[in-house]
Each structure stands twice: as C-alpha cells, then as structure tokens.
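The exercises below are to be worked with the sequence and the coordinates side by side. Each opens with a task, and a stepwise solution follows.

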Amino acid sequence: MKNFIKAISGHKALCVCIVLTIAATVLELVTSVRLENYNFDYRGLGIVWTCIAAWAVCVEEKEKKSESVQA
C-alpha cells in the first residue's frame, strides 16, 4: 500500500496527470467551439488546474526535503 501511495503521488504521476488534463482542456475547448449551445466550464477546469498546481508544489517541497536529508 505504501508503494502505491508513493507511485500515485510522485513526479511521474504528476506529469501524466498534467498531460491528461491538457488533453481534456483542448477537447473541452474544441467541443465548446463546435457546439453552439455548449458553454465552456471555466470554474471546473480552473479548480482542476489549481489542484494540479498545489500538487506540483507539494512534490517540489518533498523533493527539496529529500535532497536536504541526503546532503
């Protein structure tokens, strides 16, 4: 279980999540352009990108802590 938590909270998982979110954002934009009565969900995607930014800060702090412990 501990290895699973490390795997889903690490740098690689963050990069995969960012790529998937970029793809979802592009698809959402294309859908909003193609359909006339479809409104782009700014609030929902803003919340997702805010959470990803917070996750990135946590991963960076975790890496800095591990570097300072090793030094």
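Among the elements of the protein chain, helix α1 (residues 2-8) has the lowest mean pLDDT, 81, and α2 the highest, 92; here pLDDT is the predictor's confidence in each residue, from 0 to 100, and helices (H or I, at least four residues) and strands (E, at least two) are DSSP runs numbered from the N terminus. The chain as a whole averages a pLDDT of 88, and 99% of the residues score at least 70. This is a predicted model, in which local features need pLDDT of at least 70 and side-chain atom pairs count only at pLDDT 80 or more, while totals for chains, interfaces and linings use all residues. Residues are numbered from 1 along each chain as its sequence is written, and side-chain values use heavy atoms, with hydrogens and water left out.

**Exercise 1. Establish how many disulfides the structure holds, and describe the surroundings of Cys15 and Cys17.**

Step 1. The criterion is a pair of cysteine sulfur atoms within 2.5 Å, and a search of the whole structure finds zero such disulfides. For Cys15, the nearest cysteine sulfur is that of Cys17, 10 Å away.

Step 2. The sulfur of Cys17 has its closest cysteine sulfur in Cys51, and because these two are 9.5 Å apart, they are too far from each other for a bond.

Step 3. For accessibility, buried means under 20% relative accessible area, exposed over 50%, and partly exposed in between (1.4 Å probe, protein chains only). Cys15, with 35%, is partly exposed, and Cys17, with 25%, is partly exposed too.

**Exercise 2. Find the aromatic pair and classify its geometry.**

Step 1. Rings of Phe, Tyr and Trp (its six-membered ring) pair if their centres lie within 6.5 Å, and planes under 30 degrees apart count as stacked, over 60 as edge-to-face and the rest as tilted. The search of the whole structure returns one aromatic pair.

Step 2. That pair is formed by Phe40 and Tyr42, with 4.7 Å centre to centre and 65° between the planes, which makes it edge-to-face.

Step 3. Phe40 is buried at 17% relative accessibility, whereas Tyr42 is exposed at 64%.

**Exercise 3. Describe the settings of Ser32 and Thr25 in helix α2.**

Step 1. Ser32 lies in helix α2, which spans residues 11-34, and Ser32 is buried, with a relative accessible area of 17%. Thr25 is found in helix α2 as well, and Thr25 counts as buried at 17% relative accessibility.

Step 2. Take contact to mean heavy atoms within 4.5 Å. Not counting residues up to four places away in sequence, Ser32 touches Tyr38 and Phe40; with neighbours within four places likewise left aside, Thr25 is in contact with Phe40, Leu45 and Trp49.

Step 3. A polar atom of the Ser32 side chain lies 2.8 Å from the backbone oxygen of Leu29.

**Exercise 4. Identify the salt bridge and place its partners along the chain.**

Step 1. A salt bridge is a side-chain nitrogen of Lys or Arg within 4 Å of a carboxyl oxygen of Asp or Glu, and by this rule the count comes to one.

Step 2. The partners are Lys64 and Glu60, whose closest N and O atoms are 3.5 Å apart. Because Lys64 and Glu60 are four residues apart in helix α3 (residues 42-70), about one helical turn separates them.

Step 3. Lys64 counts as exposed at 51% relative accessibility, while Glu60 counts as partly exposed at 43%.

**Exercise 5. Which residues do Ser9 and Gly10 touch, leaving aside those up to four places away in sequence?**

Step 1. Ser9 lies in the loop between α1 and α2, and Gly10 lies in that loop too. Gly10 is buried at 13% relative accessible area, whereas Ser9 is partly exposed at 25%.

Step 2. With those sequence neighbours excluded, Gly10 touches Trp55, Val59 and Lys62, and Ser9 is in contact with Trp55, Val59 and Lys62.

Step 3. The C-alpha atoms of Gly10 and Glu63 are 9.5 Å apart, although 53 residues separate them in sequence; those of Ser9 and Ala56, 47 residues apart along the chain, are separated by 9.7 Å.

Step 4. Finally, the backbone oxygen of Ile5 lies 2.7 Å from a polar atom of the Ser9 side chain.

Key. A polar contact is a pair of N or O atoms within 3.5 Å; within protein, one must be able to donate a hydrogen and the other to accept it, and residues adjacent in sequence count only if both atoms are side-chain atoms.
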